[in-house]
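Reader: Got a minute to go through this one with me? Put it up and I'll ask as we go.

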Amino acid sequence: MAKETKIIGARTNNLKGITCSFPHSKLTVITGVSGSGKSSLAFDTLYAEGQRRYVESLSTYARQFIERMPRPPVDYVYNIQPAIAIEQKNKVKNARSTVGTASEINDFLRLLFAKIGVIYCTECGIPVIEHTPHSIIEHLFETMPRDTRFYVLAPLKIKSSESIGSLRQELIRAGYYRVMINDTLIDLTEEESTSVFKNKKLKELLIVIDRMALKRAEQARLADSISTALNIGKGVVFIKPVDGDALLYRAGLVCDRCGRVYKRPEPLLFSFYSPLGACPTCQGFGKIITIDYSKVIPNPALSLDEHPIAPFNYPAFEEMYDYMAESTSGEKIPWDVPWQELSKTHRDIIINGKGEWCGIKGFFDWLESKRYKVHYRVMLARFRGYETCPDCGGTRLVPEARSVTIGGKNIAELSAMSIKDLRDWFEKLQIPASQLRMVERILTEIRNRLRYLDEIGLGYLTLDRQTRTLSGGEAQRINLATALGSSLTETLYVLDEPTVGLHPRDSERLLNTLKALKKIGNTVVVVEHDPVIIRGADKIIDLGPGAGENGGSVVFEGSIKQLLKNSSSITAKYLNHRKKKPLFRQFRKPRGYITIYGARQHNLKSIDVKIPLGVFCCLTGVSGSGKSTLAEEILYAGFQRFRRQEPVELGEFDRIDGLEQIDEMILVNQSPLGRSARSNPATYTKAYDAIRRLMAQTYDARQRGVSASQFSFNVPGGRCEECQGTGTITIEMQFLADVEVVCEKCEGKRFKKHILDIKYRGKNIYDILNLTVTEAMEFFHDSPEVCKALEPLVQVGLGYLRLGQNTTTLSGGEAQRLKLASFLSQALSSKHRKKIFLIFDEPTTGLHPADIDTLARVMNLLVDRGYSILVIEHNLDLIAYADWIIDLGPEGGDKGGRVVASGTLRDLLHHPTSY
């Protein structure tokens, strides 16, 4: 019987004591509607038990915490392998971390450059060749005709204190009878030579080591003579033809032109984490902190009369305009012309100063001298920004590292290439056979890792891209490629929706990568909704039938053929029929447009884009085509700058027209809702305020004098002070990941005993926080305030969440829908509606196809209430609901950044080049 991991009686979160198995060296997909228990089974049960058993095998120090590390609530787990979780979260905050370091490709590149890199002189720009007697001889045979007669000469420096006469005698005793001074040959055995040695100004002479003709037969003698000359000349030898100019050779890594000595490169020279390789100006970050003049003058369309200089608009510094006008009166600077139309000379005077006028730069220098005062430090921070380091040009490395090349490119140039182009470059790279033996293994590792990254749809990224700028899906796929590159076998990999952020076109390539992982003997378990991945799995476990309390059961377990015949599975219905969407319904007409001109941030190709208002608009395109850049760094940041005149980081573009048509623009991305371990759906929707007031009105609470504030776990009073209301305590494990254990004092119930004794309709506050949203709606059916706050959660499909569930445990999609619920709440209750523009970044993350209809219905409801919505999305089912679609591409990275098509769904379906 084939080996498999078997789980019996799993009861984590909403799982109903389920039993299922995961065959080894196979790909298993766990699917089901949102909230059906997929993550509870994959991560909180399967991975948690694999990790726990691994930690059990560690040292006594680590094991002392094991009994306190909770075992998942499961009866038995058989045949589990060591587990690795590749989650859909980008936890990297380090500014130095890049795609190259995260994927370990940089480690191999550093080794490659240290072993076979060609050094170029940083002063002269010529190759620095390491000369040995053998290489000098080969060079002579290449550059001089055969049988040329020449001298082998060794330079000898003469110290001023040295007796010239005794030097002559020493040379004769050592067997050297001839020297050369100023191209004149002198025989030391002749008496006339003594007069030369009486010259007090003589600083150097050349000892004749040998005189011979260039012949292959004399090669051994020549090698011996050159070695002797290098020894005497301290690494320098001259080869002087009898009729011609002398050739200078230096031993070791020395520039033949300027004589600069270089050290042999070592791997740390190419690392921006190391003091040896990091640029000293930016310390390996590639950017320096400086005054950002786009923040100082946020609106260049204003004239000096309209006061465009933000720091001078503070009441304390308004007189700077008068001071500037007086000091620059002779310069004839026009005050009624927009800043952007002033001449370069006039702008330079205003910024850098002239005569009595200190300039904006001088003003900031003065602020810098006052930075011991807090308010000046705050003000400086508002107008600071990052600019590319002037010394390393953003490459992060010292000049010595940038001067080493392979195939004509240095390590920084390779890191700036897209992974797809870099893969092609390495496939074509030709290395001499003598060097290939040294670096064959390194090249194989680099080529494999680049291939994995390209095949999982990340070919548009560059190795120097900061890891913290990646989406959760991109970070997860890099971890997946790293796992493949590490060549681990017989390991359990648990993945959380690796297709997030991936265009449907690339799903097949990702599936091939997952199959490659199982092919080398690993067990792969994936939580996924993508039909391509589901159809490609060896086994499917479908959980459901509903969410929350209505989920947690195994609806189906088996192969794709068996699943398609199953009548009770919602997933099967979706795969069989893919519910028909009303594709050519009546589309809403835009109520105006926001037009972006000349967007050129990152890979955007100076494009003009019209974004409609008053409709449901989708921004689509393959991964890396520039969607997030356009929506977040240009449109959203541009509105912030326009509406609030605040100094914000802004992408590059010419101008944006039409922003005055909206009152507020809100970006709803997949960032966590809050860092607090006490944040939960009840507190987020403000339902908890009403619940606390109800608890405080009970007879028991009034008898004991317990107020509503004592039912809060955010302030001292009623909460457990041991865990400060979180219910858990985090133990730092130093060299291992921190372990979270249940608080022993309150047993995870968050409150003190006298608070837990107070009950409302038979339930205390801990019991109420354990209710799902749907259960709470039923429990508080006669409390309009609580129901009104919770209703939007049900409408966005989050009725299965528990009121007290920590928001940091929510998936990116759940967090986004929780934010969506708060907008829905405002839309349903607001009497004075503003014109609000919402930007969503992949809200279908973590959603089963059955839940996408709910999401689309809520979004359309918001549009009907006067909202404008722009959604960055790849999911074809949600795109089908859009009134307007903007498709970027045609590819990712350098080959993207253009508008492929724009219009209704009907327009796009007939477009020849849109994916």
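Author: Here is a short chat about the cavities and one sheet.
Author: It's a predicted model, where local features need pLDDT of at least 70, side-chain atom pairs count only at pLDDT 80 or more, and totals for chains, interfaces and linings use all residues. Residues are numbered from 1 along each chain as its sequence is written, and side-chain values use heavy atoms, with hydrogens and water left out.

Reader: ok, how many cavities of 30 Å³ or more?
Author: 3. A cavity here is a set of points, on a 1 Å grid over the protein atoms alone, where a 1.4 Å probe fits but cannot get out.

Reader: And how much space is in the largest cavity?
Author: About 60 Å³, with volume taken as the space filled by probe spheres set on the points.

Reader: Which elements give two or more residues to its lining?
Author: Strand S22 (539-544) and helix H22 (570-577); helices (H or I, at least four residues) and strands (E, at least two) are DSSP runs. Lining residues have an atom within 4 Å of a point, and they include Asp542, Ser568 and His848.

Reader: Switching topic, what order do the strands of the open sheet come in?
Author: S5-S20-S21-S3-S22-S23, with mixed pairing. Two strands pair if DSSP finds at least two bridges between them.

Reader: How do S3 and S22 run?
Author: They run parallel, joined by 5 bridges. Thr31 stands opposite Asp542 in S22, and Asp542 also lines the largest cavity.

Technical notes. On a 1 Å grid over the protein atoms alone, a cavity is a set of points where a 1.4 Å probe fits but cannot get out, and a pocket is an open set with protein on both sides within 12 Å along at least five of seven lines; lining residues have an atom within 4 Å of a point.
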